[in-house]
Amino acid sequence: MAERRVTSRDVAQKAGVSQSTVSYVMNDAPGQTISAATRERVLQAAAELGYTPSATARALRRGTSEVVLVVIPDGQIGQVALEVLGAFGETVEDQGYTVVYQRRRGRALDAILRELRPVGVADVAAFTTEDEAATAHLGIPVVGLAVDGGDGQAMRIPQRKVGALQVQHLVARGHTHLAYAASADPLTTILMRPRLAGVQEACAAHGLSAPVVVDVPLFPDAAARAVRRLRDRDDPVTAVCAYDDEVALAVVAGAHATGVRVPEDLAVVGVDDVPLARLALPPITSVGIRTAEVGSGLARHLLRRLRPDLGLPEPDDEPPIDMVVRAST
C-alpha cells in the first residue's frame, strides 16, 4: 500500500493551528499577523512530519492544476478572517485540492492566474473590475464572499444586519442614547462602514437620535478618554455598539478606569464573539457570526462547480448571525 501523503491538515493538527495559518507560514505570505512562536511551531511540525508544500509545483510541472486560489484584500488578517479561511481551506483540501492564498500587493491578478493556472478562485472581497475580466477571459470558475452583504456573490455577510442587531438588543433593554465605538485602525473600514450604517439606520427606524460616534484606540488611557466623552454630556450615552469585541473590551476597560459601571451605567455590545469576550469582566454581549459556516459554505459553492459529481447541496448564501447575550448588557 502506498504511504499516505502528508497534508497541511496534518501539520495544522500537530501544530494546533488552522490550515490557513500553515499555508501562510509555508508560503511566507507577507503582511500576516502570525507570531514568531506560532511560525516556529508550524515549521517544527512540518519538519517532523516531512511535509513540504509541493502539490502546487507538481501540478504546474504537469501542465495541469489542483490549485484553488484565494484572493484576499490587503490589511490585517484577524482571528475571525483566519477562521473563515481555515474552514474554506479544510473543506477544499478534503477533496484533494491545494489552496494558495494571495494578497493584493499591486501585482496584476492576470499574471498570477497564468502562473498558477488554478482550477478555481475564491474572491474574499478583494476583486477589482479588472480581476473579474481576467478570470472571465480565462474561463476560471469564481465564487465570491461579500463582507458588506452586497448581492451577486456566492456568500454574503450582511454587515448592516450586524449593526441593526446591536441596536435592537439595546433598545429592547430600554436604552435610547446610543453610541458607536469605532476602531481607530484605518484597515477596518471595509467592515466598519456598513456596520455603522446599520447602527445609524436602526436608530432612525426606532425614532432615536443618531448615535454618537467616537474612535476607541486599543490603549487604556485613550479608551478612558473616549468613555468620558460619551458620559460627560447633557444626555449621557447609556449604551455602546462597538465595532468588534476588541473595541468592546477597550470600552469596558475605559469604563473601569473612569468609575463607570458596566452595564448599570453603560451597556456594551461587541461583534464576533471571540473567546476573550467571554473572559472579560463583565463578559461581553456580542453578535456572533458563524465563521466556520461562512468558510465551508463558500468552499461548497466552488466545489459544486468543480466537482458536480459530489452532489453537494447548495449552501445558504448568508450565515446565521446570533446575538450572544452576556452580562455587559
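This briefing describes the fold, selected secondary-structure elements and some backbone features of one protein chain. The model is predicted. The chain contains 13 helices and eleven strands, and 50% of its 329 residues count as buried. Among contacts with a separation of 6 or more, 72% join residues that are 24 or more positions apart. The exposed area is about 15,200 Å², and carbon and sulfur atoms supply 51% of that surface.

**Strands β6 and β7**

- Strands β6 and β7 pair in the parallel sense, and four bridges connect them.
- Between these two strands the chain passes through helix α9 (residues 189–205), and the resulting β-α-β crossover is right-handed.
- Within the pair, Y180 stands opposite V213 of β7.

**Helix α10**

- Helix α10 comprises the twelve residues 220–231. At 1.5 Å a residue this helix should span 16 Å, and the 17 Å between its end C-alpha atoms agrees with that expectation.
- The buried residues of α10 are A222, A223, A224, A226, V227 and L230.
- An α-helix has 3.6 residues a turn, so residues three or four places apart point the same way.
- The packing partners of the buried α10 residues are the strands β6 (178–182), β7 (212–215) and β8 (239–242), together with helix α11 (245–258).

**Cis peptide bonds**

- The peptide bond between V262 and P263 is cis, with omega about 10°. P263 belongs to the loop that runs between α11 and β9 (267–271).
- A cis peptide bond also leads from L281 to P282, where omega is near 0°. P282 is placed in the loop between α12 (275–279) and β10 (285–289).
- Both prolines, P263 and P282, are among the residues that S328 touches.

**Positive phi angles between β9 and α12**

- D272 lies in the loop between β9 and α12. Its phi is near 110°, a positive value in a residue other than glycine.
- The relative accessibility of D272 is 15%; because the cut-off for a buried residue is under 20%, D272 counts as buried.
- D273 is found in the loop between β9 and α12, and its phi, near 50°, is likewise positive in a residue other than glycine.

**Surroundings of S328**

- S328 follows strand β11 (321–324), in the segment after that strand. With 0% relative accessibility, S328 counts as buried.
- A polar atom of the S328 side chain lies 2.8 Å from the backbone nitrogen of T285.
- Leaving aside residues up to four places away in sequence, S328 touches V262, P263, L266, A267, V268, P282, P283, I284 and T285. This set includes V262 and P263, which are joined by a cis peptide bond.

**Surroundings of H169**

- H169 is located in helix α8 (residues 159–172). The relative accessible area of H169 is 7%, and the residue is therefore buried.
- H169 touches V269, T285, M323, V325 and T329, again without counting residues up to four places away in sequence.
- T285 is therefore a contact of H169 as well as of S328, given that contact means heavy atoms within 4.5 Å.

Key
Residues numbered from 1 in each chain as written. Predicted model: local features only at pLDDT ≥ 70, side-chain atom pairs only at ≥ 80, totals over all residues. Heavy atoms only, no water. Expected span 1.5 Å × (residues − 1). Buried < 20%, exposed > 50% of the residue type's maximum accessible area, 1.4 Å probe, protein only. Polar contact = N/O pair within 3.5 Å; in protein donor to acceptor, adjacent residues only side chain to side chain. Pairing = 2+ DSSP bridges. Right-handed = clockwise from strand over helix to strand, strands pointing away. Areas by Shrake-Rupley, 256 points an atom, 1.4 Å probe, with all protein chains shown as cover.
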